Amino acid sequence: ADPVRATTPEAVRVLRGLGLEIAMVTGDNRRTAEAVARPLGIGEVVAEVRPEGKLAAVERLRSAGRKLAFVGDGINDAPALAAADVGIAVGGGTDIAVESAEVVLMRGDLAGVVTAVRLSRATMRNIRQNLVWAFGYNVVLIPVAALGLLSPVLAAGAMALSSVCVVGNALRLRAAS
């Protein structure tokens, strides 16, 4: 009888657009679960499962070599949240669900999952950029400084500038959140 939140269809569409496959794993009866999943375009539905069934579903989906995020809010979700590559507890969830998850969304809205995925991808991209910058700096300027072609004062200034560039690049993530 619980209605699908108004933001859920768009969140599922965006997640799919980000290249993610969506499955529903629920303790609800199969007919209800399929009635909810069908309009959302969710093809894989695992229904009428207890906590150990949710855990088994997570392990089965992971066995295909895929990375898996599990979104849940209840006591029954805790084992699956803990076993997933990334457990995401939604706001208003039970304490055990929150403790079992790596990510806790403040609101019970799947739009938060979209934000979390986008932010995590932007963070990883930023980390790679910063590593390339730092590695490039070290490869070029350390040998130049070691050969005495760069004064120690200029080398120290270049190192400080490199750090400022890395921090500045990392601060761009604030715009992504």
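# Notebook: helices, salt bridges and surface

I began with L131 and found that this residue lies in helix α6, which covers residues 111-146. I kept in mind throughout that the model is a predicted one. When I looked up the exposure of L131, the relative accessibility came out at 56%, and because exposed means over 50%, L131 counts as exposed. I then asked which residues form a nonpolar patch on the surface with L131. They are M124 and I127, and the three together have about 280 Å² of accessible area.

Staying with helix α6, I turned to its packing against helix α1, which is made up of residues 8-17. Two packed helices are described by the angle between their axes and by the distance between those axes, so I looked up both values. For α1 and α6 the angle is about 25°, and the axes are 8 Å apart. Since angles under 35 degrees count as roughly parallel, α1 and α6 are therefore roughly parallel to each other. I also noted the hand of the crossing of α1 and α6, which is left-handed.

Next I went through the salt bridges, and a search of the whole structure gave 6 of them. I wrote down three pairs, beginning with R66 and E21, whose side chains meet with a distance of 2.7 Å from N to O. R66 sits in the loop between α3 and β3 (69-72), while E21 sits in the loop between α1 and β1 (23-25), so this salt bridge ties together parts that are 45 residues apart in sequence. As for exposure, R66 counts as partly exposed at 32% relative accessibility, whereas E21 counts as exposed at 64%.

The second pair I looked up was E34 with R30, where the closest N and O atoms of the salt bridge are 3.3 Å apart. Both residues belong to helix α2 (residues 30-40), and because they are 4 residues apart there, about one helical turn separates them. E34 is partly exposed, with a relative accessible area of 30%, and R30 likewise counts as partly exposed, at 33% relative accessibility.

For the third pair, I found R62 in a salt bridge with D85, the closest N and O atoms being 3.0 Å apart. This pair links distant parts of the chain, with R62 in helix α3 and D85 in the loop between α4 (78-83) and β4 (86-89), 23 residues apart. R62 counts as partly exposed at 34% relative accessibility, and D85 also counts as partly exposed, at 27%.

I then returned to the loop between α3 and β3, this time for K67, which lies there. Is K67 buried or exposed? With a relative accessible area of 73%, K67 is exposed. I also checked K67 against V86 and noted that the two residues are 19 residues apart in sequence, while their C-alpha atoms are 8.4 Å apart in space.

My last entry concerns the backbone at E48, which has a positive phi of about 55° although E48 is not a glycine. I asked where E48 is placed, and found this residue in the loop between β2 (44-46) and α3 (51-63). The relative accessible area of E48 is 53%, and E48 is exposed.

Notes: Residues are numbered from 1 along each chain as its sequence is written. This is a predicted model: local features need pLDDT of at least 70, side-chain atom pairs count only at pLDDT 80 or more; totals for chains, interfaces and linings use all residues. Side-chain values use heavy atoms; hydrogens and water are left out. Patches are made of residues with over 30% relative accessible area and no salt bridge: like charges are joined within 9 Å, nonpolar side chains (Val, Leu, Ile, Met, Phe, Trp, Tyr) within 5 Å. Accessible areas come from the Shrake-Rupley method with a 1.4 Å probe; for residues, only the protein chains shown count as cover. A salt bridge is a side-chain nitrogen of Lys or Arg within 4 Å of a carboxyl oxygen of Asp or Glu. Helices (H or I, at least four residues) and strands (E, at least two) are DSSP runs, numbered from the N terminus. Buried means under 20% relative accessible area, exposed over 50%, partly exposed in between (1.4 Å probe, protein chains only). Axes are lines fitted to C-alpha atoms, for helices over the stretch in contact, and angles run from 0 to 180 degrees between N-to-C directions. Angles under 35 degrees count as roughly parallel, over 145 as roughly antiparallel, 65 to 115 as roughly perpendicular and the rest as oblique. A crossing is left-handed if the near helix is turned anticlockwise from the far one by less than a right angle, and right-handed if clockwise.
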